[in-house]
Every structure is written in C-alpha cells, then in structure tokens.
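Reader: Please take a close look at the part of this model where I should be careful with the coordinates. Tell me how it compares with the rest of the chain, and add any backbone details I should check.

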Amino acid sequence: MSSAPPAPAVRALNCPNCGGAIEVRAAGYTVNLICGHCGSTLDATDPALKVIQASTAALKRPRIALGTHGILRGVEWQAVGYMERAAEDGGWAEYLLFNPYLGYSFLIDDGEAFYFTTLLDRVPTEGADQESRVYQGHHYAAAEDGYYRATVTFVVGEFYWRVAVGEQVDVTEYEYRDYGLSSEENADERTWSWTEPLRSGEAEKAFKAGPPVPFDSPPEPDDGGGARGKMAAVLAAAAAAEAAKEATRTKRAASAKSAPLKGKTAIREEHRARVIAIWKVAGIALIVLLLAAFLRGSPKLLMSKEVEAPLDGPQKTVVLGPLDLPDSSTAIRVEADAPSLDNSWIDLDYSLVDRKTQENFDAYGAAEHYSGSDSDGSWTEGSAADAASFAAIGKGQYDLVVDFSAHKWDGSSSSPSSSTASAIDASGANASGQPADPFNGLTAEQRAELHLTTPAAPLAPPAKMIPVKIDVYRGASFFSNFFLAFLAIILWPPLIWWIDRKRLGLR
Amino acid sequence: VLTANCPNCGAEIVFRTIGLPVKVCDFCHSTVVRSGDTLTIAGQAAEVPDDVSPLQIGTRGKDGGQSFELIGRVRWRWTDGAWSEWLMLFDDGTTGWLGEAMGRYMLLREAPLEPASAAAKTLAEGGQPAIGTLEQIGGTQYTISDVKRVSCIASEGELPYRAPAGLEAVSVDLMRDDGGCASIQLESGTDAPEAYAGRYVTLADIAATNLRAFEGWAMPKFAA
C-alpha cells in the first residue's frame, strides 16, 4: 500500500478574542470551540473563526488536560472537550473523547469514579413492560429517580455540536448490573448511549488525570422532575433497593414472631419434616453438581502463546485460534503473565470472535508491577500476572484477538500538556531557528503534540520488549463456581434448621 | 476507464466509470464535464478545507461481498456544522454514497421514493417535510429526523453531478430504530428529489483500507 506521509492532526490557531494560542484537534468535525484562555465561544465552521460569544472569564483547568491521549480498554482516545453538567442535587464532568478513525465517545467523572460512554447508532428496543429496554440481549430496567433534567454549567475545548452553558436535555436512565443505558432528549432529537464503569485508577492512569476539581454549582431548582446527578441516581437507586429489602426482611421477621399458636410437639414435628425435606433436596443438588463437574472435566489448556510488547511502543495485536468449543456453554479463562514487568503495566484487550457469526465477546485485563522506596523502605505493588474470564460461551469455532500495549509508569510524570506555557516555550525555540531540526516547519503546537503523543519519536532509542505469556483455558472459572455452589448447598440445610428453630422459638 | 487531458491545465484526468459525467481536476480544480467525447470546463470547484477525516479518494472497503473504492467527495455545510458525502464505486460498476458526519458513517445507495411520497410532494412545492413523519423508501419505512437547508462548500474527484460551491439544496435525514438510515435531497431549482437508503456503519464494519495516516495516531488494526 502506497502511503502518504502522516498528515498533521492538529491545527494551531489564535483566538480572535484574546489572541491566545489554541488548537483544533478534530478539524472538519468541530463546530464550537471554547477558548481555554478567555472562555470565548468560537464558530469552528467559519474559516475566520467568528466569535459567537466573547468572554474574559479566567478558566479553571480540567483534571485531564485537553489534548491528552490515553488508551482505554485497548482503544486510543484524545480528550478534546470538557463540560460540567448538573442536575438538581449534584454535578458531574464529561470529557468528549475523539479518535479520527472511531469518532466520538465520552468519559464521565462524577467526582468519585470514571465511566465510559459509547454513543449508540440505534434505539434499544422496548421491553415487554415498556418501562425497560433491551440492549445486546440484556434487560435494562428503568432506574429509580432515573429521569431528570441536566444543564451544562461549564464548557471548554471543542465539540461537534453548538454546545453552550445553560443547554438542557432531559435524561432517562435504565440499568442492568453496573451498566447504564440512557437517552438524552431535547426539542430536536433524542440520542442513546451506553455507559460502563471503569476500574478505579483506569482512566486516571490512562489520561494522567490530576486531582479532582470541584464542579460548578448546580443551577437553581426548576421543574425538571426528580432530578439527580447521573451516577448519583444509580447509587441512590441501589441504596433504595437495599432499604426496601431491609424493610421486607423486618416485616417478615415481625409477622413470623406473631404467627405460631400451635402445640409445641406439632411445631417440633413440622420443623423436623421441613429440615428432612431440605436435606433431601440438598442431597440431590449435590449429586447433580458433582455429576456436572465430572462431565465437564478439569480446566484444560487450549492454547498458549508468547508475545513481546514494546514498552511505550504502539499497540500490537495477536490472534490465538482456532479455539473449538464443543459444548453449548463453556467458561473461558485467559491468563497473561509478564514476569519481567517493572514499574510498568500492560493493557490487554481480549475479544473472542465466533468465526461463523463474527459475534464477539470482550474482556479486559491489565498486568502491572510497581516498586520503589520511600521513608518506609522499599515497596512493591500490583501483580505481573492477570486473568480475565468469559462466562458461558456458546458452541463454535472462535478466535481470541488480543490487543496489548506496554506502558512505562513514570512516578513524577509531568507530560507536556496543551497549556500555554509549553506552547510558548516551544515557539521560542522555533523562533531562534535551527535548520538541523528534523521537525522544522511544524508549529509550536504540533511540536508539543508530537512530543506528547509519540514518545517513541524517530530519535528515541528502540523500545524495550516485554515478554508476555498468554494462556487460554477452557472451563477454568467453573471450579470457583463449583466451590461456591458446593458451599451454598452444604450450608443451606443447617441455616434453615437454625432459622426455623429461632422463628418457632425452639430450644 | 477513460483517460483524457484537462482542457484547462492539460493534466491527465481519469474517468473511472463511463456512468459519471463530472470530474474535478486534481491539479487545477476545474470542474470538467464530459458529454460523449467532448470535455468542457464548468467553472472552478472550491478546494476541500483541511480536516481530520480518515477517508480519502482511493480509500477501499467492503459492503457484504462487494468491494468499493471512494472516487469523489462533496462537502456540504449548514448553519450548525458540515459533513462530507463520499462517492463509492463498487466493483460491479454501481455507485453509492458514504456519508460522514460527526465521526459517524452512513452507507447509502439510491432507492426509489414511493410515487405518492408526501415528502417528495412537499419538497417539490418548496416546503419542508415535518420531523417525525413516516416515509417509505425502497419499500422500507423510515422516520424523518432532521430537515435542513444546506449549501455545497467544495468537491473533488469524480461525481454524478456538478457540485459548485454555493450549490443549495434541502437535505432530509431519516432513521430507523435498527440502525437503518436514509436521506432525501432536493437541489434548489429542481423538483425531483432523490432518495438514498442504507445503514450506519463503522470503518471496521466496512473493513476500510488505504485510510489517511495522522501524526500521533496509530492506524486501526483492520486498516493496517
């Protein structure tokens, strides 16, 4: 394939209002650009960068510097826009993420955790009760207090729509386990998105996030309905469900206490019969469980591969296959071991693809190992081995696609951000003019960008290779389940026996 | 394939398919219109402004079993944004449009409007169809999701029609709940709207290759 030299991805401009250096990172898509120096809103569709709304506000800086690249679950994104939104009783932040080949997604920071949001190109089908939605085969129930009005309270960076402070949408949320499905609606359109929680530290590390910044205060209460912070709503719903369960438990206990007025012997007989019946059921369950375990066999190593990840190099991909799964439901466990990891981590993105249907199942892993020494002596953290599992994979022939990349952890990392300081420094160097500079001709912003995004620039020494061993097992996670099931069955009859005795006041 | 020389600058110009009468010269940006063996210059096309679209003339991809190559582009703008329509030439000689807006892609092929189409009638009378109304295109039902007045900013490559900068049109977007989408366009000064129907796709879905490379960005694995 003949390939032209890479085109510059960043365009350097000056704010027509304050003259500050600004960058356009999604030229052609960006519609509104909010200057990071003065807060003026600029029309990016106008070649002259017309000022839509002038401002002289001193802007706070988001936790993640705009322009930062980060790899989340194996996919590289760049933070290009930042907005804060609020509902009646809470605020949260949203970063607009961009990748020229993938378009847009969102990273949400509710002050406690990060979430990743994917925009959907279709409408999730309505569930049977119309109060729920079905997405990718899972039932998403309407979230309690999951309907509220969200208002933009702060905005900076570039956006593909005419974003403005005060912009409002009505949000409806649905949830399944830790996942969220939400629709945002205004007078013109209704968009759907899917949200997954990120592990603590995942986004912070990927995007070199600074400490949390306080969100702008929520707007005055209006008639926006049962308004709540987006993720706060999810948490509140969970708390409410817990409270409801607790109430039911108390109620049950109360009614049990006032129930029996029969003779003691009759009660004892009833209790005995119940316990015997439960032991019988438990016995049958145990036999079924053991039989299933016997038929499944022990975990089996299906495939093993050793690969090398270039430290701070580009993401690499390896395909392990074919994996033949003869059963209608098989658990797959993928183990990655990188014993030579030191103050670095490896992101592993697994995708199990059915050769016939191309249906795929995703999982994510990370192996990490850090060490150092401080006033308390030397310390180590993390594990150089990692395991990810897929539950209940159907019969068929599969390929396991593994995207992996290794990253050096720099404790005192101060990456060049899109801040003015670094841009001015670089332009100073540029002005002095060095003909030998291979990057001569690039603007200061492009230099900053290059340095930021390609640490392995042509002049850097070749990347260190980290060997990683990837093992794929069949049926492995079954054994932890087996143990849990075994324990549950064994403990159930004595528990019932005890509860029953307590309830009936037997001693 | 038909090779000729640009009547304006003399550079070689290539018509990939006999079916397309317009070619924007790669060198001088003259719009060259072919009629039989005669080439005429129909003004100058504006150059497409720099952007970070991963697509380019020459990008290849697959739709089902058929391969295609992008051979032309028209860039449109409206009050709140801009988007590109890339002309796809399939291996069997047919064409389609790959719409690119807000980082999303719509793969569309020409499809017939119903003879009694309400939207076509409204457009032909100079009106704008209402958002939310249903419309049948190629036997499939869509909902009108957006109607806007648009104007052409620029064009390049081979095209089925002349697209000078400033060309005005009304563009109607339609959607389905299942990822299906469609578009109806009426060029100003005409009264026969054309309809296109298809679906949302990702670059991975269409196994796009020969994409543009950008500094600081890794090429996705399907395109590498």
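**Confidence and backbone details**

Author: In this predicted model, residues 412-460 of chain A have a pLDDT that stays under 50 throughout. The model still gives this stretch 51 contacts beyond four places in sequence. Where pLDDT is low, the predicted coordinates should not be read in detail.

For chain A as a whole, the mean pLDDT is 75, and 73% of the residues reach 70 or more. Among the elements of chain A, the lowest mean pLDDT, 33, belongs to helix H4 (residues 420-432). The highest, 97, belongs to strand S9 (residues 103-109) of chain A. The pLDDT is also below 50 over residues 221-262 of chain A. That stretch has 54 contacts in the model beyond near neighbours in sequence.

Two backbone details are left to check, one in each of chains A and B. In chain A, the loop between strand S6 (69-72) and strand S7 (75-87) holds Arg73(A). Arg73(A) is not a glycine, yet its phi is positive, at about 50 degrees. Its relative accessible area is 21%, so Arg73(A) counts as partly exposed, since buried means under 20%.

In chain B, Met102(B) sits in the loop between strand S9 (95-101) and strand S10 (104-110). Met102(B), also a residue other than glycine, has a positive phi near 50 degrees. Met102(B) is partly exposed because its relative accessible area, 42%, falls between the cut-offs of 20% and 50%.

Note on methods: Residues are numbered from 1 along each chain as its sequence is written. Chains are lettered from A and ligands numbered from 1 in the order in which they are written. This is a predicted model: local features need pLDDT of at least 70, side-chain atom pairs count only at pLDDT 80 or more; totals for chains, interfaces and linings use all residues. Side-chain values use heavy atoms; hydrogens and water are left out. Helices (H or I, at least four residues) and strands (E, at least two) are DSSP runs, numbered from the N terminus. Buried means under 20% relative accessible area, exposed over 50%, partly exposed in between (1.4 Å probe, protein chains only). pLDDT is the predictor's confidence in each residue, from 0 to 100. Contact means heavy atoms within 4.5 Å.
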